[in-house]
Amino acid sequence: MTKPDVSQYQSFDQITRRLDDIVGAVRDRDVSLERSLDLFDEAIALGSKAVELVDATDFSPEEKAMLADDGTPGEKAADASESASAPEADASADAKNAAEGGNAS
């Protein structure tokens with residue numbers, strides 16, 4: 001099997017649009033299994049192309065530092081809000097458990 005030619009895709013937007021097209025095509029029940037597998041191979045090649053684009057990108061020191069962190073600032077804020085609401089979720093689960101006759105821990 002030959003590797004799909006994805007050389008015409010030179011930006012993340014182009015890759016994303018093609019991947020969206022592939023997902024739409026694979027969801028169509030009239031697409032044959034063979035065609036779906038070909039599209040899957042193309043999607044893998046597009047992923048490799050995206051990695052090449054990232055590797056070729058010159059990031060600023062700030063961008064490099066952000067990528068080196070465990071997550072983006074937005075993800076860290078979301079994590080903080082989840083941990084802040086965790087006691088409420090635990091209390092709600094305990095109340096539901098008690099109402100169902102189980103032991104609240």
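These legends accompany close-up views of a predicted model.

**View 1. The protein chain is built from helices and has zero strands.** Four helices make up its elements. Read from the N terminus on, the order is α-α-α-α.

**View 2. Buried residues make up 13% of the protein chain.** The chain has 105 residues. Its exposed surface comes to about 8,100 Å². Carbon and sulfur atoms supply 53% of that surface.

**View 3. Contacts link residues that are 24 or more positions apart.** Take the contacts in the protein chain with a separation of 6 or more. Residues 24 or more positions apart account for 59% of them.

**View 4. Helix H1 covers residues 12–27.** What span should its 16 residues have? At 1.5 Å a residue, the expected value is 22 Å. The end C-alpha atoms of H1 are 22 Å apart, so the model agrees with the expected span.

**View 5. Ile15, Arg18 and Ile22 are the buried residues of H1.** Seen down the axis of H1, they fall within an arc of 65 degrees, so they line one face of the helix. Why can residues spaced along a helix share a direction? An α-helix has 3.6 residues a turn, so residues three or four places apart point the same way.

**View 6. The other side of H1 carries exposed residues.** These are Asp13, Arg17, Asp20 and Arg27.

**View 7. H1 meets helix H2.** Which helix do the buried residues of H1 pack against? Their partner is H2, which covers residues 33–55. Ile15, Arg18 and Ile22 are the buried residues on the H1 side.

Note on methods: Residues numbered from 1 in each chain as written. Predicted model: local features only at pLDDT ≥ 70, side-chain atom pairs only at ≥ 80, totals over all residues. Heavy atoms only, no water. Helix = DSSP H or I, 4+ residues; strand = E, 2+ residues; numbered from the N terminus. Buried < 20%, exposed > 50% of the residue type's maximum accessible area, 1.4 Å probe, protein only. Contact = heavy atoms within 4.5 Å. Areas by Shrake-Rupley, 256 points an atom, 1.4 Å probe, with all protein chains shown as cover. Expected span 1.5 Å × (residues − 1). Arc of directions from axis to C-beta.
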